[in-house]
Amino acid sequence: MIRFDYARPTDLAEALREGAGEEVAYLAGGTNLVDLLKENVARPTRVVDIARLPLTGIEDTAQGGLRLGALATNTETAYDQRVQARYPLLSSALLAGATAQLRNAATNGGNINQRTRCYYFYDVATPCNKREPGQGCAAIGGVSRIHAILGTSHQCIATHPSDMAVALAALKAEVRVTGPGGDRVIAFADYHRLPGDEPWRDTTLEPGELVTAIDLPPESFPTNFTYLKLRERLSYAFALVSVAVAMRLEGERIAEVRIALGGVAHKPWRRPEAEDLLRGQEPGREAFGAAADALLEGARGQGGNDFKVPMARKAILRALEQATAGTPQSQTDKRIA
Amino acid sequence: MSQAALSLSNDPGLALASRPIGTVPVRLTINGEAQALDLEPWVTLLDLLREGLHLTGTKKGCDHGQCGSCTVLIDGTRMNACLKLAVTLDGCEITTIEGLGQPGNLHPLQAAFIEHDAFQCGYCTPGQICSAEGLIREGHAHTREEIREQMSGNLCRCGAYTNIADAILEVMGQEGWE
Amino acid sequence: MPDTRHEPIKVGIGTPLSRVDGVDKVTGQAHYAAEYAVPDVLYGVIVSGRIAKGRITAIADGAARAVPGVVEVLTHMNRPSEAWRDSKWKDELAIPGDPFRALGDDRIQFSGQPVALVLAETFEAARFAASLVDVSYEEEPHNVDFDLSLAEKTLPTYKRKSFHAPKSHGDADKAYAEADLRHEGEYRLATEHHNPMEMHASTVHWHGDGTITVYDKCQGAQGVQSYIASAFGFRQEDVQVINAYVGGAFGSGLRPQYQVQLAVLAAKKLERSVRVVMTRQQMFTHAHRPQAIYSIKLGAERTGKLTSMINDATTSTSRFENNMEDVVTWGMINYACPNMSGAYTVAPRDTYTSADMRAPGAATGMTLFEIAMDEMAYKAKVDPLEFRQINYSDIDAMNRQPFTSKALREAYREGAAAFGWDRRSFEPRSMRDGRELIGWGVATGVWDAQFSKTSARATLTADGHLEVASATADIGTGTYTVMTLVAADTLGIAPERITSRLGDSRLPTAPVEGGSWAAASTGAAVQVACRAVGEKLLKAAAKVEGQPLAAASSVDDLTFADGRMALKSEPGRSVAITEVMQAATIDRIEVEETASTGLSGLVSQARKSRKTHSAVFVEVRVDEELGQVRVTRVVSAIAAGRIINPKTARSQILGGVVMGIGMALHEETLADLRLGRWMNHNYAEYHIPAHADVQDIEVIFVDEPDPEVTPLGVKGLGEIGIISVAGAIANAIFHATGQRHRSLPITIDKLIA
């Protein structure tokens with residue numbers, strides 16, 4: 001682990017001042033950054049501990065939504081009564097992720113900013129463009145079991161590991177950030193990026209910017225939703241494929257639906273055109289299949305992860321069925337509903 | 001040491017290596033005892049406990065939040081000590097296995113773990129017990145199935161899982177749970 | 001709640017006793033290798049190599065040395081001298097080849113090889129400096145691809161001592177060709193890493209007088225002691241090795257690991273105490289279960305009676321040592337079959353040498369063989385349990401020897417009854433619950449019941465306290481408690497008045513803890529030592545007023561209970577042990593004794609086969625569409641002779657079953673073939689079962705009295721629990737889905753289809 005200066009600002013302005021410059025890292029719960037520090041993947045010369053900033057609450061918004069403080073923990077969020085009642089999809093996704101210990105420490109802002117679990121990114125003995133621009137990507141042609149099937153580039157095939165972010169994508173959350181250039185709001189779909197030619201950039205955050213909150217819009221999908229996660233063991237494993245579905249039925253028809261995938265791309269994977277295919281339709285395997293095909297259009301394995309293409313398709317179908325039936329996947333009973 | 005001397009002159013890591021960085025004053029209450037410490041920022045709570053304070057009951061099984069052996073209670077909440085920089089915990093109360101119960105004064109979970117043979121090599125055990133204490137305090141687990149899921153952050157290579165669940169269920173029963 | 005360390009007074013062999021080391025373990029007072037406070041200890045952090053094969057051309061350590069607190073950067077260029085002959089590096093369990101020497105020279109033999117050790121006053125300084133050591137290499141072509149290595153497979157000229165060559169009988173090829181039913185399959189097992197929870201660690205206490213104490217994570221203190229003395233030029237008596245608590249090992253601590261080499265080297269060079277702890281990532285740079293390929297041909301009559309079995313297996317090893325296992329013999333030993341043949345080879349890769357991991361050979365061979373057996377059962381349209389009974393052998397079918405005992409039939413019967421096997425429908429895909437297909441599978445396990453010459457010391461003091469001691473280890477196996485129970489049984493002293501000591505090279509001689517022989521061997525040693533104490537007590541009892549035991553001529557005429565010794569013939573005539581000591585004015589009685597096979601045992605070993613057996617029944621539920629497998633029920637019925645402590649014995653089997661679940665569904669170390677490097681080298685990506693993966697497990701010990709197998713009638717339990725569990729799961733998955741999987745682990749991608 002590199003040696004770094006440590007700052008513990010108590011207000012936002014001070015935090016932004018401390019956070020200015022190169023080689024600075026904001027530290028909140030630490031569950032990802034400290035891990036990366038130990039692996040010598042993260043090498044900041046200054047660490048700014050933002051955990052004492054007043055960004056911890058969960059509050060109703062004027063628009064009828066919910067504002068999740070960036071420093072509220074994953075546990076506080078998952079078990080918050082308003083989240084559980086109104087945004088059970090988010091609660092479910094949070095509880096599908098990591099472990100109780102990690103959720104107790106991890107913050108909402110940290111969760112969406114966590115970095116990929118790509119073996120090569122984590123192993124400094126191997127080349128990785130995300131870690132060291134220009135080194136090349138050893139995952140391509142390597143052990144690619146956990147890698148992306150959508151939105152990859154010739155520079156990077158990493159996936160985003162967050163479960164929470166997949167639910168937030170389906171809920172069309174907004175990320176509130178502040179920084180040297182002032183405050184701004186980023187639509188969740190624009191928050192994470194595809195690797196392209198700049199795989200070292202996971203998000204559209206600018207240097208020195210800080211997430212202050214995540215806003216959930218009023219439409220909360222409390223009845224027809226699911227978070228279905230497939231992984232290597234039944235708990236404490238990152239998703240090979242996960243599916244978040246948020247749906248609103250009106251009568252026999254789907255009035256609104258969002259489908260987001262985890263474990264398959266550099267960001268939570270949504271395609272509005274796939275959802276368009278379902279809007280106004282009666283739920284059913286045929287319609288679901290068309291939507292799944294549209295969502296997975298162009299999906300391609302890297303060899304070791306070819307299985308993810310059929311796995312994702314089947315998981316989408318099942319998740320849509322779970323959401324339609326109002327029988328969301330339990331994160332405790334491991335039988336898939 | 002000619003080799004070393006040779007490499008000294010043109011090594012780009014040199015400035016980085018010797019850059020002076022100060023320590024940070026930190027107040028911690030560990031197992032009820034107030035401690036005033038001056039710590040380098042990169043010292044984890046786990047290493048502070050084990051190496052600095054000789055509280056070796058908290059175990060290092062992976063050092064990356066991937067096994068749960070280092071689980072302690074921070075302000076009453078279970079967390080992985082390996083992923084916490086100690087300087088970030090200024091003002092916190094930390095309870096380790098040594099604070100939970102001692103020989104002759106066992107915590108109910110410690111006694112139940114012995115009774116149910118909920119360990120073999122014992123290395124993951126302090127983390128399992130601290131985690132179970134955190135789980136009980138959280139109050140989200142009431143059934144064996146919920147215990148299984150919410151204890152999944154504590155790996156046990158000896159495979160004592162079913163006995164661990166039995167031990168926790170027994171203690172929960174004692175405290176009016178289930 | 002009361003302290004449960006102390007159980008009811010009358011305990012002995014067969015009483016379920018809570019672990020006597022339990023309080024230490026649950027309170028954090030048990031100290032493992034890295035946890036001994038040693039004054040002025042230096043922290044050593046290992047720098048791991050990047051390439052799989054080649055030479056180190058330069059090491060730039062200037063930046064590392066500039067880190068405040070760094071004392072030394074140890075490399076192959078500046079390490080102190082050490083033994084140069086390979087023979088000096090042969091540890092107790094060394095296998096043919098050139099043992100690995102950390103920092104031996106500039107050669108790189110495997111990825112992750114230690115290339116430097118950074119020593120600093122703090123762990124943090126050493127860790128940081130280690131990241132600054134810049135090593136340059138000249139790379140050479142390497143191969144870690146097991147399939148490619150098969151081109152070089154060979155039966156080594158120099159065999160590993162523990163290797164048993166398969167024995168052929170009849171004409172297996174001809175019988176196979178002529179069989180009514182034929183099955184042929186190629187079975188595989190992935191590379192697995194032991195991954196005990198405690199990472200390998202050594203603390204060397206440099207006393208400054210030429211002696212050292214080494215706290216080492218290992219399975220045999222005396223083996224490591226001899227090794228250090230031999231390789232690093234110490235006198236044997238100047239090296240003390242302590243492993244009082246070992247955080248699991250499963251075989252990874254059978255041979256000295258490289259962290260102890262590094263720690264001793266550094267201590268020697270700097271004349272200071274040193275602690276070296278591997279990282280979890282570095283735990284993937286040494287011992288591992290070999291990858292395996294096993295082709296099996298079975299021929300049978302229409303009734304299901306086997307007529308031929310042809311076995312051919314290859315397992316992986318390194319280029320510098322030939323690790324061999326007994327892979328193909330288990331099915332040949334276990335099933336009656338007139339024609340059988342076996343072939344076995346090893347294939348070298350540019351990795352560290354593979355090593356024994358829980359039930360080495362059998363966990364691979366018998367597990368895979370049992371999948372083939374299931375396939376033949378289906379070919380014969382015979383219930384898989386019945387199929388095994390049709391082919392039951394009352395003798396060791398390969399060695400053509402009787403068993404000292406074999407209660408496998410009873411294990412089948414009791415296991416099947418507990419599981420409800422008779423309610424199983426034969427056809428695959430015939431049982432379901434909603435979206436989940438249900439499958440029930442069975443498999444048979446076999447392992448050696450071994451005994452190894454072991455010494456123990458028993459010391460009785462005037463206050464009635466007994467200490468029993470032996471240099472064996474307790475790696476979670478319950479040895480402390482077994483010693484206490486045997487001592488309690490022999491001398492009738494309550495467990496709370498007995499202290500067991502182990503894990504110290506200065507204690508009476510014991511072999512490395514492994515292979516399931518510790519309970520039988522250490523238990524026997526403790527028993528003979530305690531009996532000898534009993535004899536001395538009997539002599540001393542002559543001084544007791546009224547000579548109540550005068551009628552006894554040996555301890556065989558006495559019963560020992562509740563701290564008293566009494567005449568068997570006349571139980572009313574008894575005396576307290578403390579009273580005897582007092583009457584004879586004896587402060588202490590100390591005896592060291594050795595339990596060995598003896599002449600009758602040697603004869604028995606030559607003439608009879610000694611095995612433990614298991615019948616494993618498994619229920620899986622497989623999501624038909626998504627391939628997610630849940631192991632919902634396991635019944636493991638074990639025939640392992642006499643059970644000393646049913647409580648810890650059950651845990652041994654539970655642990656084996658859990659590791660078997662990992663073998664079946666999760667565990668696989670994945671290599672990047674271009675880099676020659678294991679890539680999922682951490683606990684997040686190498687998956688061992690978590691709490692959520694483990695549901696109901698029932699353990700049954702069937703009655704199997706066997707006074708011949710070992711002195712106590714104990715057969716051992718460390719290995720048998722894992723064997724064939726993965727086979728039963730694979731068979732259950734077939735029964736559930738109709739898909740036959742011959743390559744373990746059966747990860748979710750293989751089932752998604």
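The following exchange concerns a predicted model, with attention to chain B and one annotated stretch of chain C.

Visitor: Which residues of chain B have a pLDDT that stays under 50?

Guide: Chain B as a whole averages a pLDDT of 91, and 90% of its residues score at least 70. Where pLDDT is low, the predicted coordinates should not be read in detail. That caution bears on one stretch, for which the model has ten contacts beyond four places in sequence, and in chain B this stretch is residues 1–10.

Visitor: What distance separates the centres of domain 1 and domain 2 of chain B?

Guide: The domain assignment of chain B places domain 1 at residues 22–100 and domain 2 at residues 108–174. Taken over C-alpha atoms, the centres of these two domains of chain B are separated by 21 Å.

Visitor: Which element gives the largest share of the side of domain 1 of chain B that touches domain 2 of chain B?

Guide: In chain B, 16 residues of domain 1 are in contact with 14 residues of domain 2. On the domain 1 side, the elements that give two or more residues are β3 (71–74), β4 (77–80) and α4 (97–100) of chain B. This side divides into six nonpolar, eight polar and two charged residues. The largest share, three residues, comes from β3(B).

Visitor: How far apart are the end C-alpha atoms of residues 27–141 of chain C?

Guide: For these residues of chain C, an unreviewed UniProt entry lists "domain: Aldehyde oxidase/xanthine dehydrogenase a/b hammerhead". Over residues 27–141 chain C is 11% helix and 30% strand, and the end C-alpha atoms of the stretch are apart by 51 Å.

Definitions and conventions
Residues are numbered from 1 along each chain as its sequence is written. Chains are lettered from A and ligands numbered from 1 in the order in which they are written. This is a predicted model: local features need pLDDT of at least 70, side-chain atom pairs count only at pLDDT 80 or more; totals for chains, interfaces and linings use all residues. pLDDT is the predictor's confidence in each residue, from 0 to 100. Two residues are in contact if their C-beta atoms, placed from the backbone, lie within 7 Å. Domain bounds come from an automatic or database domain assignment. Helices (H or I, at least four residues) and strands (E, at least two) are DSSP runs, numbered from the N terminus. Ala, Val, Leu, Ile, Met, Phe, Trp, Tyr, Cys and Pro count as nonpolar, Asp, Glu, Lys and Arg as charged, and the others, Gly among them, as polar. UniProt positions are given in the numbering used here, feature names are shortened, and annotations may be inferred rather than shown by experiment.
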